[in-house]
Amino acid sequence: MTQEEKYNLAKWAMQHALDSGADAASIVISESKSSTVDVREQKIDTLKEAIQSSLSVRLFVDQKYSAHRTNRLDKQELAHFIEQAIAGTKYLSPDPYRQLPDPALYYQGNGQELGTVDPSYDKVDPATKVKLAFDVEKEAFEKDERIISVSASYSDNTNSRLMVTSNGFEGETKNSSFSLSASVSVNGGDARPSEGWYERAIFFDQLKKSEIGSLALERALKKIGQEKIKSGKYDMLIENRAVSRLFYPLLSALDGYSIQQKNSFLIDQLGKKVASEKLSLVDDPLIPGGLGSKLFDGEGLAAKKRTVFDKGVLGTYFIDTYYARKLEMEPTTGDTSNLVFELGDKDLASMVKGMKKGILVTGFNGGNTNGSTGDFSYGIDGFLVENGEIIQPVSEMNISGNMKSLWMSLAELGNDPNPISSWQIPSMLFEGIDFSGS
Amino acid sequence: MRNIDRRKFLKSSGSAVVGSMLLPAFVQSCQGASVSAEIQAYLEHFGVDLKLLQKVTEKALSKGGDYADLFFEHKIVNSLGLEDGKVNRAFSNIDFGVGIRVLKGDQTGFAYSETITPEAMLKAANTAANIASGSQAVSAQEIKEAMPANYYTINKSWEDVSVPEKIPFIQKLNDQVFDLDSRVSKVNAFLNDESAYVMFYSSEGVLTYDYRPMVSLGVVCVMEQNGQLENSYSARSFRKGFEFLNQEVVDLLANEVVDRTALLFDATKPKAGEMPVVMGAGGSGILLHEAIGHTFEADFNRKGTSIFADKMGKKVAEKFVNIVDDGTLAENRGSINMDDEGNRSEKTYLVKDGILNSYIHDRISARHYQVDPTGNGRRESFRHVPLPRMRATYMETGPHSREDIISDVKQGIYVDNFSNGEVKIGAGDFTFYVKSGYLIENGKLTQPIKDINIIGNGPQALADITMCASDYKIDNGTWTCGKSGQSVPVTCGLPTVLVKKLTVGGVS
């Protein structure tokens, strides 16, 4: 659909909802397009192309609330869909906290360019996509006799999300993403360690297109001979691309829903020191070219830079309109954007050099966190480090502890923010973590 | 695999149902072939006829592909949610489309369309056809109609159930949880129902269909005691209709979630390290799903990346160990009348009398290994390609008793409540997260424990199952298995078993 067609359809659907008994409504039209090429043994394994569109509606009827989505965009069917949805909503209990956002908080700018979408998305030739995947695989294919299997993937997608609300918001966000990845399995005795590497960019021209297969192979070979070591307390250095597994529970604890539903270990902690002095980060939605950049969030609230932690002191919760009303607080935003950390001055290799005895964690395997208490336990693999040297690969071990003490024990951050995520987390060193092994 | 807590599940559902589609103008009566009334109803539901199916398939094979299939799906999801005491939210989702797949050897071309018109389908077929690069003329095969099995009978379809009929059960669940324990401070509950129409046609002429219902009722309970918070989740999920909802399931969930949460206030973390682990009957089947099931999926074995890749026909466990992946259990969440490649579901022995008996196959892998399909070719939706996936994975009963197993352990743990697990296929390292369990000291259950991850190695853990009881039980929670970005509903089950040694998270 053209932008005008989308606006017309969205406004028609909104008006139909209002005419059919809704007091307020918001309509979202989402469209996306993607393609994938998987290559194995220098042959195409899978070719996939997809285009999808859908319409979502949030309805506010007699102080009652519901939300619906369909990919049937024929007007006659949509009209019936909306009428049925409104009829069903009337049977629910009222929820006085449900309202559209305060219009004063909506984004009202002129659509400053943030560089979130590649205008040349459609110009990438299918043959180029296939060749890129073949080239990435070739970097590892038959490069070592211990290789069992190599595969590589190219994929891209672009999507748009257009929203109108009955109290005056209109806006559209557009994003694109291109990625290349490789996965390599090698023979290491009984076990067949497998490792991968992944690159991603908003613009095709900015996508890193080499040293992906070769890096996956190098990482897999390093894992040969991995075994668990003795249980005990060790320092833990986590590679930048892996840290998000432990950072996610910390962010979840700041979510308005978690706070209000008492599924957070950080209730009533705003302005208090809950993490190490080393932890300072901001949520900055307005970075040009940032993977998480946006002018407004999913509800239409104008995006703002916010301090999340300042030297370990908690600066903000992530609260949408609904939970803000329930908590009697000001809404901030329900979603993170670009998380930018205050960095250290060493790269991962130098941080390893500086370790006396500890474990470098490069991957996680299962595990979870109890949201209410912060108790956690995760499977890990990585390397034993002694006196600044990598001694051996380790696997089949668990780490356990509590999120509150974990983040207090953060001792050092690297200078290497993760380039493929909107959470630009650097490598991190934690002290005195419980590892279980043999 | 994940026992999904759907508190934040906003994608689905509520009240709106677009039950039947308007018949498009291009549908004409079938010429030449006659089909059963059931098939005819499905053809009309999707607005297609036999000639169009054949034409699209011919297009899909026009560049030299050797097999093509069309997977039509129309899924209606409704969900009602309770928060802070009232059923005050509804969600719904309607998804409709056709996935078109072309195979050339073990290579796949795939595209889908959300509009089922001749133009849109032919365009998608042309895209999928690109996996091959020649040209060929294909003549349509004779239609072979396949009647699906009937592993889920429905008395009243969810499409015929109104919002006010469902609300009282969710409300009662909330009220009962609050009544059971004064420490309860928050309850979230949901009812999620699905009705899916599926129709399948292949270039081999196979034409079949399925109607797949699903319902899940779940509850999260938060309790507060002396400033300490704890929470638990309980749910039941089946391929059943409205008859699923009754006082019995409400009682069961309310009691279970309150018991589970209350236990946590007294629970601690065990000492970290290797120890014997007794897996209680039921949800402990997650051990099989992660440690064995995924590594038996034949796509990983075909590519040589599974740790079990060269173990077919070899002894992998004690003689009393029989492990099954079963798509035929009545009303089970993991059951399917046919898989998403038109094959009948079945009961497949993965391990028989301790010997590796079968992998889990989709069409590509069954042809690669030159074996019959096992009915495991599943996909999340018409937007996805089929992969070898589990259904209900469980171990059959063994010769020991639960009491004997527990009393056999001097120092170890007993676990029976889980939230999620994961496996690294090649290394064989699997994990599962224990929400709660008990220490075993001198053959007795003692101190409750909570929030620990357990990690082991698949082949080693399978060989280390030294005792197996006769109390086999399926866990009918909301188990959902994720692989290659696709989620499918599954279940798991186990009798009480003893695993001689696993690595348990805890304090050092």
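1. A residue counts as buried here if 20 or more other C-beta atoms lie within 10 Å of its own, with C-beta atoms placed from the backbone. By that criterion, 50% of the 438 residues in chain A are buried. Please keep in mind that this is a predicted model.

2. On overall form, chain A has a radius of gyration of 24 Å, which agrees with the value near 22 Å for a compact globule of 438 residues. Its C-alpha trace spans about 70 × 55 × 40 Å along the principal axes. You will find 9 helices and 17 strands in chain A. Of the contacts in chain A between residues at least 6 apart in sequence, 71% join residues at least 24 apart.

3. The largest nonpolar core is worth a look: it has 129 residues, and A:Met236, B:Val277, B:Val278, B:Leu288 and B:Ile413 have the most contacts inside it. Strand 17 of chain B (residues 429-441) gives the most to this core, with 7 residues. As for B:Val277, the residues it touches include B:Ile413, B:Ile454 and B:Leu502. A second, separate core of 61 residues includes A:Ala50, A:Ala133, A:Ala182 and B:Leu207.

4. Now to the contact between the chains, which takes 73 residues from chain B and 67 residues from chain A. On the chain B side, strand 3 (residues 86-104) supplies the largest share, 12 residues. That side divides into 29 nonpolar, 29 polar and 15 charged residues.

5. Strand 3 of chain B also pairs across the chains: 5 bridges join it to strand 3 of chain A (residues 64-70), and the two run parallel. To find the spot, start at A:Ser66, which stands opposite B:Ala90.

Note on methods. Residues are numbered from 1 along each chain as its sequence is written. Chains are lettered from A and ligands numbered from 1 in the order in which they are written. This is a predicted model: local features need pLDDT of at least 70, side-chain atom pairs count only at pLDDT 80 or more; totals for chains, interfaces and linings use all residues. Helices (H or I, at least four residues) and strands (E, at least two) are DSSP runs, numbered from the N terminus. The radius of gyration is taken over C-alpha atoms; the globule rule is 2.2 Å times the number of residues to the power 0.38. A residue is buried if 20 or more other C-beta atoms lie within 10 Å of its own, exposed if 12 or fewer, and partly exposed in between; C-beta atoms are placed from the backbone. Two residues are in contact if their C-beta atoms, placed from the backbone, lie within 7 Å. A nonpolar core is a set of buried Ala, Val, Leu, Ile, Met, Phe, Trp, Tyr and Cys residues joined through C-beta atoms within 7 Å. Ala, Val, Leu, Ile, Met, Phe, Trp, Tyr, Cys and Pro count as nonpolar, Asp, Glu, Lys and Arg as charged, and the others, Gly among them, as polar. Two strands pair if DSSP finds at least two bridges between them. Lists of a residue's contacts leave out its neighbours within four places in sequence.
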